[in-house]
Each structure stands twice: as C-alpha cells, then as structure tokens.
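Work through these exercises with the model open beside you. Try each task before you read its solution.

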Amino acid sequence: MTLIYAALTGLVFGVGILLSGMADPNKVINFFDLFGPWDPSLAFVMGGGLITTLVGYSIAFRQPKPLVAGKFPTNMPTQINAKLIGGSALFGVGWGIAGFCPGAALPALGTFNLFPVVFVLAVVVGMIGVRVVGSQSAAFRRQIT
Amino acid sequence: METEFTPYLSLLGGALIGVSAVMLMIGLGRIAGATGILNGIIFPSNAKDFSWRLAMVAGMVVAVPVLAFTVQVQPNVVPDFSLIRVIIGGLIVGVGVTLGGGCTSGHGICGLARLSPRSAVAVVSFMTAAFVTVFIIRHVLGL
C-alpha cells in the first residue's frame with residue numbers, strides 16, 4: 001500500500017514538473033535571465049506549488065497521524081549556518097549552469113534523453129563526493145553532527 | 001533563445017507539485033524533497049526507507065509516457081547548450097544540495113510551506129546565486 005501510494009505521489013509530482021516547464025532547462029535559464037529573454041513562468045510554478053502546499057499542510061497537520069503509514073516529522077533541522085547558506089548558494093550556481101534542479105531532472109529521466117540522465121548521474125557523483133570527503137574529515141564530521 | 005511564457009500551464013503544474021507534496025505528508029508523513037529522496041536511494045538506511053523512495057521515483061519517471069499517451073504532451077528537456085555545462089552544473093548541484101540539506105522542492109515548496117526560517121534562508125541563497133550565475137554566464141562571459 002505504501003509503495004503504491006508513493007508511486008502515485010511520484011506520478012502527480014512528475015506530471016506537475018513536466019507541465020510546469022521546470023524540466024525545460026532553456027525555460028529555467030530564461031527565468032533567471034532578467035536582462036535577456038526573461039520568461040517569468042517559473043514564478044507561477046513556485047507560487048502555485050507554495051499556495052497549494054500551505055493550504056494542504058495546514059489540513060494535514062490537523063490529523064493525529066499520517067493516513068497511510070509513518071508519523072509526522074518532528075525535530076526538523078532549524079540551524080541557520082554557513083553550511084546551509086554556502087551549500088544552497090552552490091546549488092544555485094549549479095542550477096544556473098545546468099538549468100536542471102534535482103526535482104525537475106528525475107521526472108525528465110522518463111524521456112531517456114541523454115541530458116537529464118547525465119545531470120542526475122553528475123548530481124549523484126557530487127552527493128557521494130561530499131560524503132567521501134566528509135567521512136575522511138573529523139572536523140567536518142563534528143560540524144554536521 | 002526565447003521560450004514561451006506559460007502562466008496557466010506553469011500555475012497548474014506548480015499546483016500539482018503542491019498536491020503531491022501534500023499527498024506525501026498527509027499519507028506518509030514525509031517531506032517531498034528531491035534531495036532527500038535521491039539521498040535515501042543512494043545511501044539507504046533500511047529497506048523500507050529505500051523502497052518508498054524508489055517507488056516515488058518510478059512514479060515520476062512514468063509521468064512522461066502517461067502525459068504522452070493521455071494528453072499527447074511531450075515536454076522539452078533538452079538544453080540549447082553543451083553537455084559539459086550540464087555535467088559541471090550537476091556536480092556542483094550534488095555538492096550544494098547535500099551541504100544545504102535540500103533543493104527547490106524540499107526547501108522551496110515544503111520548507112516554505114512549513115514556514116521554516118531555515119528553508120527561507122536557503123531559498124534566498126540559491127535563488128540569488130542562480131540569478132547571479134546566469135547573469136555572469138549570459139552577460140559577462142557571453143555564453
């Protein structure tokens with residue numbers, strides 16, 4: 001049941017991403033290009049997503065527990081530090097270079113086109129790289145725990 | 001290259017992304033963040049945690065044929081620039097989202113909807129960086 005539900009959720013997410021234009025790198029780059037052929041579409045994606053989630057979450061958190069399985073998250077991280085700001089800035093740089101973000105590239109894998117496939121592989125390599133470097137650095141480990 | 005301004009489709013797509021985020025929270029108590037989902041697949045903590053994430057990605061991938069067969073929509077996913085740029089950007093994204101603890105979906109949609117100050121700082125940081133990066137690429141380097 002959990003797996004079917006998760007797959008259905010993924011399908012809705014994927015359809016949303018593909019219709020929205022988030023998976024089109026040219027559209028993404030044009031959104032960030034205020035002094036070029038600016039395409040404000042992505043502001044509508046963020047707006048539509050945020051309003052829906054704001055309303056939906058307020059209903060969700062009124063339930064005593066999730067309807068299918070698991071429990072609501074507690075102890076979510078709240079720290080605001082250099083790692084959060086620097087890491088997010090790096091993500092923004094990469095997004096501006098590649099035109100894909102992880103959530104847009106995953107549904108795009110379904111096209112079997114080389115570009116999203118290679119992007120996701122590169123993201124995975126980057127993620128593993130951070131883990132490898134991190135596990136070799138005691139100072140780093142102290143910082144993240 | 002110009003791209004077509006698509007306010008209605010983008011709003012609809014965004015709303016569906018929101019619906020899926022709400023579905024995942026109300027059903028499984030989980031944050032619909034692509035970084036967390038990918039991370040849980042690459043570094044699984046247990047079989048249960050791994051399997052729902054894989055099922056979700058499978059659902060995402062199936063969205064392409066579903067759209068093609070139902071409404072005959074085939075969205076463009078091909079950039080008008082080189083594969084090398086996508087590789088370099090992807091590596092930086094992988095490092096950045098791991099350190100920053102999330103991306104557009106996790107911080108941008110779910111985090112902001114939880115009114116998390118941490119996510120708000122992350123969103124301002126990555127949006128600013130993306131605007132500056134594209135300005136440099138297009139208008140300073142002229143690529």
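The exercises below go from the chains to their interface, and then to the spaces in the structure.

**Exercise 1. The two chains**

Describe the helices, strands and overall box of chain A and of chain B.

Solution. Remember that this is a predicted model.
- Step 1: count the elements of chain A. Chain A has seven helices and zero strands.
- Step 2: write its pattern. From the N terminus on, chain A reads α-α-α-α-α-α-α.
- Step 3: turn to chain B. Here there are six helices and zero strands. Along the sequence the pattern is α-α-α-α-α-α.
- Step 4: take the boxes along the principal axes. The C-alpha atoms of chain A fill roughly 50 × 40 × 30 Å. For the C-alpha atoms of chain B, the box is also roughly 50 × 40 × 30 Å.

**Exercise 2. The interface**

Work out how many residues each chain brings to the contact, and how much area is buried.

Solution.
- Step 1: count residues. Chain A brings 105 residues and chain B brings 101 residues.
- Step 2: find the area. The two chains bury about 9600 Å² between them. Carbon and sulfur atoms carry 78% of that area.
- Step 3: look for the top contributors on chain B. Ile26(B), Val77(B) and Arg118(B) supply 8% of the area that chain B buries against chain A, more than any other three residues.

**Exercise 3. Polar links and the face of chain B**

Find the salt bridge across the interface, count the polar contacts, and describe the side of chain B that touches chain A.

Solution.
- Step 1: recall the principle. Side chains of opposite charge can pair when their charged atoms come close.
- Step 2: apply the rule. One salt bridge is found across the interface of chain B and chain A. The side chains of Arg138(B) and Asp33(A) meet in a salt bridge, at 2.7 Å from N to O.
- Step 3: count polar contacts. Between chain B and chain A there are 23 residue pairs in polar contact, both residues at pLDDT 80 or more.
- Step 4: name the elements on the chain B side. Those that give two or more residues are α1 (7-28), α2 (34-42), α3 (47-70), α4 (83-100), α5 (104-113) and α6 (117-140) of chain B. Of these, α1(B) gives the most, with 21 residues.
- Step 5: sort the residues by class. This side of chain B has 65 nonpolar, 29 polar and seven charged residues.

**Exercise 4. A salt bridge within chain A**

State how many salt bridges the structure holds, and explain why the pair Asp39(A) and Lys27(A) ties together separate parts of the sequence.

Solution.
- Step 1: take the total. Over all chains, the structure holds four salt bridges.
- Step 2: pick the pair. Asp39(A) forms a salt bridge with Lys27(A), and their closest N and O atoms are 2.9 Å apart.
- Step 3: place both residues. Lys27(A) sits in helix α2 (25-32) of chain A, and Asp39(A) in the loop between α2 and α3 of chain A, so the pair ties together parts that are 12 residues apart in sequence.

**Exercise 5. The cavity**

Give the volume of the largest cavity and describe its lining.

Solution.
- Step 1: count. The structure holds one cavity of 30 Å³ or more.
- Step 2: give the volume. The largest cavity holds about 90 Å³ of space.
- Step 3: list residues from both chains. The lining includes Phe13(A), Met22(A), Cys101(A), Ile17(B) and Thr104(B).
- Step 4: find the main element. α5(B) gives the most to this lining, with three residues.
- Step 5: sort by class. The lining has eight nonpolar, three polar and no charged residues.

**Exercise 6. The pocket**

Describe the second largest pocket and its lining.

Solution.
- Step 1: give the volume. About 210 Å³ of space lies in the second largest pocket.
- Step 2: count the lining. There are 14 lining residues, and Leu18(A), Leu19(A), Gly21(A), Asp24(A) and Lys27(A) lie nearest the centre.
- Step 3: find the main element. Helix α1 (residues 2-20) of chain A gives the most to the lining, with three residues.
- Step 4: sort by class. The lining of this pocket divides into six nonpolar, five polar and three charged residues.

How values were computed: Residues numbered from 1 in each chain as written. Chains lettered and ligands numbered in written order. Predicted model: local features only at pLDDT ≥ 70, side-chain atom pairs only at ≥ 80, totals over all residues. Heavy atoms only, no water. 1 Å grid on protein atoms, 1.4 Å probe; cavity = no way out; pocket = protein on both sides within 12 Å on 5 of 7 lines; lining within 4 Å. Points joined across faces, edges and corners; volume = space filled by probe spheres on them. Helix = DSSP H or I, 4+ residues; strand = E, 2+ residues; numbered from the N terminus. Nonpolar A, V, L, I, M, F, W, Y, C, P; charged D, E, K, R; others polar. Contact = heavy atoms within 4.5 Å. Buried area = accessible area lost by both parts, 1.4 Å probe. Polar contact = N/O pair within 3.5 Å; in protein donor to acceptor, adjacent residues only side chain to side chain.
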